[in-house]
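Biologist: Hi! Could you walk me through this structure, starting with its charged pairs?
Modeller: Gladly, let's have a look together.

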Amino acid sequence: MTAEVSSDIVADVIRNRRSINFFKPEPPPPDIINKALDLARWAPNHHLTEPWRFYLLGRQTATAIAELNAEMIAAKKGAAAAEEKRQRWLGMPGWLVVTQIKSDDAWQTREDYAACCCAVQNLMLYLWAEGVGTKWTTGPVTQAQAFYDLIWVDPAHEDVVGMLWYGYPAEIPVTPRRPLAEVLVELP
């Protein structure tokens with residue numbers, strides 16, 4: 001390693017990062033987001049495919065996605081549910097979409113998806129260390145052709161891994177984890 005890193009600091013960031021459901025309205029500075037995106041690229045990736053692509057969404061695109069989602073919800077749950085979701089989504093301070101370049105090889109596709117998830121984790125951990133929370137969502141809207149059109153992505157070449165909202169947390173949820181003994185199997 002080129003620099004001393006406190007394992008306690010790393011452990012603290014990993015242990016305390018949470019998915020944020022409610023954000024303060026002000027967005028974080030772009031330089032923090034760009035640094036997080038730069039660090040995301042250092043995720044492990046099989047055969048160095050670097051399969052991730054990042055799309056930072058401006059307010060116009062974010063609003064269009066919030067409207068698309070509201071339309072989808074209105075069709076399933078009615079106008080009141082749609083309006084509640086629209087208002088919630090319009091309040092999200094920052095929007096990012098992560099995609100994965102498609103591969104013809106099924107195993108490489110699996111490896112690339114795992115790599116993209118590692119990239120998202122890198123991004124989320126760095127942002128958390130900077131006081132910025134995230135919420136990773138993969139709801140039905142992210143699979144709609146209209147969503148792909150809004151983010152200028154051809155689904156023949158890329159798959160959406162997830163949409164991330166980011167901003168300063170308005171509240172931090174407490175989410176316990178099961179003890180290690182419940183999820184660890186030690187083999188001889």
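**Salt bridges, sheet and surface**

Modeller: To begin, there are four salt bridges in the structure. Please keep in mind that this is a predicted model.

Biologist: Thanks! Which residues are joined into one network by salt bridges that share partners?
Modeller: Start with Arg86, whose side chain meets that of Glu67 in a salt bridge with N to O at 2.8 Å. Arg86 also forms a salt bridge with Glu83, where the closest N and O atoms are 2.3 Å apart. Shared partners therefore link these bridges into one network, made of Glu67, Glu83 and Arg86.

Biologist: How many residues apart in sequence are the parts tied together by Glu67 and Arg86?
Modeller: The two side chains meet in a salt bridge. Glu67 belongs to helix H3 (residues 59-77), while Arg86 belongs to helix H4 (residues 79-90), so the pair ties together parts whose separation in sequence is 19 residues.

Biologist: And what about Arg86 and Glu83: by how much of a helical turn are they separated?
Modeller: Arg86 and Glu83 form a salt bridge. Both lie in helix H4, and because they are three residues apart there, the separation is about one helical turn.

Biologist: Is Arg86 buried or exposed?
Modeller: Its partners first: Glu67 is partly exposed at 28% relative accessibility, and Glu83 is partly exposed at 32%. For Arg86 the relative accessibility is 19%. Buried means under 20%, so Arg86 counts as buried.

Biologist: Where does Lys102, the salt-bridge partner of Asp159, lie?
Modeller: The side chains of Asp159 and Lys102 meet at 3.5 Å, N to O. Asp159 is in strand S4, and the pair ties together parts 57 residues apart in sequence, because Lys102 lies in the loop between S2 and H5.

Biologist: Are Asp159 and Lys102 buried or partly exposed?
Modeller: Asp159 has a relative accessibility of 29%, and Lys102 has a relative accessible area of 38%. Buried would need under 20%, so Asp159 and Lys102 both count as partly exposed.

Biologist: Now the sheet, please. Which strands are at its edges?
Modeller: Four strands form an open sheet with antiparallel pairing, in the order S1-S2-S4-S3. An edge strand here pairs on one side only, which applies to S1 (52-57) and S3 (133-137).

Biologist: How many bridges pair S2 with S4?
Modeller: Strand S2 covers residues 94-101 and strand S4 covers residues 158-167. Among the facing residues, Ile101 stands opposite Glu158, and Leu96 stands opposite Leu164. The two strands pair in the antiparallel sense, and the number of bridges is eight.

Biologist: Which residue in S4 is the bridge partner of Lys135?
Modeller: S3 and S4 run antiparallel and are joined by five bridges. In S4, the partner of Lys135 is Trp165.

Biologist: How many residues of S4 are buried?
Modeller: S4 is largely enclosed by the rest of the structure. That reading follows because, of its 10 residues, the buried ones number nine.

Biologist: Which helix lies across S1, S2, S3 and S4?
Modeller: The helix in question spans residues 106-129 and runs at about 155° to S2. Its name is H5.

Biologist: Last one: which residues make the nonpolar surface patch of about 250 Å²?
Modeller: One of them is Val10, which lies in helix H1 (residues 7-16). Val10 counts as partly exposed, because its relative accessibility is 38%. The full set for the patch is Val5, Val10 and Ile14.

Technical notes: Residues are numbered from 1 along each chain as its sequence is written. This is a predicted model: local features need pLDDT of at least 70, side-chain atom pairs count only at pLDDT 80 or more; totals for chains, interfaces and linings use all residues. Side-chain values use heavy atoms; hydrogens and water are left out. Two strands pair if DSSP finds at least two bridges between them. Contact means heavy atoms within 4.5 Å. Axes are lines fitted to C-alpha atoms, for helices over the stretch in contact, and angles run from 0 to 180 degrees between N-to-C directions. Patches are made of residues with over 30% relative accessible area and no salt bridge: like charges are joined within 9 Å, nonpolar side chains (Val, Leu, Ile, Met, Phe, Trp, Tyr) within 5 Å. Accessible areas come from the Shrake-Rupley method with a 1.4 Å probe; for residues, only the protein chains shown count as cover. Buried means under 20% relative accessible area, exposed over 50%, partly exposed in between (1.4 Å probe, protein chains only).
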